[in-house]
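Subject: Structure handover

Hello,

Here is the structure for you to load. My notes on the helices and one loop residue follow below.

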Amino acid sequence: MTTQSLVLYQKYRRGGMDTNDFEVFHNNVVKVFDEFLEMKALIQGDISEEKEDLISLGISSIISFTGKTSGRVMLDMDPELALYVANHLTGENFTDLKDPLVLASVSELNNMVAGNSVVDLNNNKELDLWLAPPIVMTGTNMIIALPKLKSFSYLFDTGKGKIRYNIAFKGGGGS
Amino acid sequence: MDIKYVNPFIQGLFSVLGQFGVTDVVKSKLSKKETLSVTHDITSISGLTGDIGGNIAYCFPEETAKNIVSKMMMGMPVEQLDQMGRSALSEFCNMITGNAIAKFGSDNSPVKATPPSVVIGKDVFMVISNVDTLAIEFSSSIGTIELNIGLEN
């Protein structure tokens with residue numbers, strides 16, 4: 001664990017979920033992109049806390065959860081990466097981000113990352129998390145606001161475009 | 001979709017708007033969508049988990065959102081929907097969802113709502129769930145609100 005991660009961990013460990021738990025999301029992003037897309041998602045820098053509302057990279061999928069803590073996770077990616085993902089998964093040649101299959105591809109990736117991560121967290125930390133169905137959206141200069149949630153992001157580069165994986169949850173006794 | 005899970009959201013919306021002095025609300029349109037998709041300027045989404053899974057989306061034109069926030073702030077003019085305004089709007093939707101869940105019927109409701117996410121932007125296209133969705137539009141002196149209810153069971 002890096003110094004920055006350790007500081008965040010100590011700050012938020014009393015909130016039911018802590019930044020130490022976030023590694024499971026990081027690991028599952030890497031695993032899902034490797035297994036389903038044969039693509040290396042390389043982390044850029046360290047996990048960082050988001051102080052402002054997020055501006056989407058282009059296409060975003062949100063899955064919210066309840067349990068011993070509640071919040072949501074978001075897979076956010078560059079438009080060109082989303083098209084690559086959809087084309088790779090379906091064998092088609094999409095050019096429109098609003099195509100239902102492009103949106104569904106991004107949504108399904110997030111479903112796999114969030115689903116695997118929540119199973120791990122429930123098994124190892126007994127957080128009793130339940131997932132709501134995924135949401136997926138695209139638009140220009142789209143702002144995603146998460147009032148009253150602590151929010152942290154991992155940034156990845158895949159060579160075909162950037163990914164941001166954001167985890168936001170209620171609580172965090174440090175503030 | 002069972003109507004017993006729809007009416008509490010309608011009643012919740014009337015009730016919460018009434019608390020802020022908006023009493024001229026009428027249901028102006030009802031439609032069914034094959035997927036829960038929205039294209040409005042501002043959307044606040046809450047997920048439901050437990051015995052009923054799904055998503056609830058409250059959609060607003062920008063002017064309506066500003067009018068709601070203004071009502072919540074005792075009539076203070078709202079020129080721009082800044083971070084505080086977005087937080088207020090999210091709380092408004094949270095109140096409706098919480099109000100609805102409380103009416104679902106059991107003493108210990110097995111349904112929980114997730115914290116709302118507020119999405120803002122022009123030309124936003126959003127697919128919230130691939131489930132049959134009931135879209136109910138409400139009109140009032142503060143503008144229109146579209147309530148989208150997409151439940152999986």
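The expected span of a helix is 1.5 Å times one less than its number of residues. Keep that in mind for the first item. Note too that this is a predicted model.

**Helix α3 of chain A**

This helix covers residues 79-90, so 12 residues by the rule of 1.5 Å a residue give an expected 16 Å. From first C-alpha to last, α3(A) reaches 17 Å, close to that value. Right after α3(A) comes A:G91, with a positive phi near 80°.

Which residues of α3(A) are buried? They are A:L81, A:A82, A:L83, A:V85, A:A86 and A:N87. The cut-off for buried is under 20% relative accessible area. Several elements of chain A cover these residues, including the helices α2 (23-37) and α4 (100-125). The strands β4 (59-66), β5 (71-77) and β10 (162-169) are also among the cover.

**α2 against α3 in chain A**

One of the covering helices, α2(A), packs on α3(A) at about 45°. Their axes are 11 Å apart. Angles from 35 to 65 degrees fall in the oblique class, and α2(A) and α3(A) are therefore oblique to each other. From α2(A), the contact uses A:F33, A:F36 and A:L37. From α3(A), it uses A:V85, A:H88 and A:L89. That makes five nonpolar residues, one polar and no charged. A:V85 appears here in the contact and also in the buried set of α3(A).

**α1 against α3 in chain B**

In chain B, helix α1 (residues 7-19) meets helix α3 (residues 83-102). The axes come within 8 Å and cross at roughly 130°. α1(B) and α3(B) are therefore oblique to each other. The crossing is right-handed.

On the α1(B) side, the contact residues are B:P8, B:F9, B:G12, B:L13, B:S15, B:V16, B:L17 and B:Q19. On the α3(B) side, they are B:F92, B:M95, B:I96, B:T97, B:N99 and B:A100. The split is nine nonpolar, five polar and no charged.

**A loop residue in chain B**

Where does B:E34 lie? It sits in the loop between β1 (26-33) and β2 (36-38) of chain B. Is B:E34 buried or exposed? B:E34 is exposed, at a relative accessible area of 72%. Leaving aside neighbours within four places in sequence, B:E34 is in contact with B:N130, B:V131 and B:D132. B:G54 is 20 residues from B:E34 along the chain, and their C-alpha atoms are separated by 14 Å.

Best regards

Note on methods:
Residues numbered from 1 in each chain as written. Chains lettered and ligands numbered in written order. Predicted model: local features only at pLDDT ≥ 70, side-chain atom pairs only at ≥ 80, totals over all residues. Heavy atoms only, no water. Axes fitted to C-alpha atoms, helices over the stretch in contact; angles between N-to-C directions. Helix = DSSP H or I, 4+ residues; strand = E, 2+ residues; numbered from the N terminus. Parallel < 35°, antiparallel > 145°, perpendicular 65-115°, else oblique. Left-handed = near helix turned anticlockwise from the far one by under 90°. Contact = heavy atoms within 4.5 Å. Nonpolar A, V, L, I, M, F, W, Y, C, P; charged D, E, K, R; others polar. Buried < 20%, exposed > 50% of the residue type's maximum accessible area, 1.4 Å probe, protein only.
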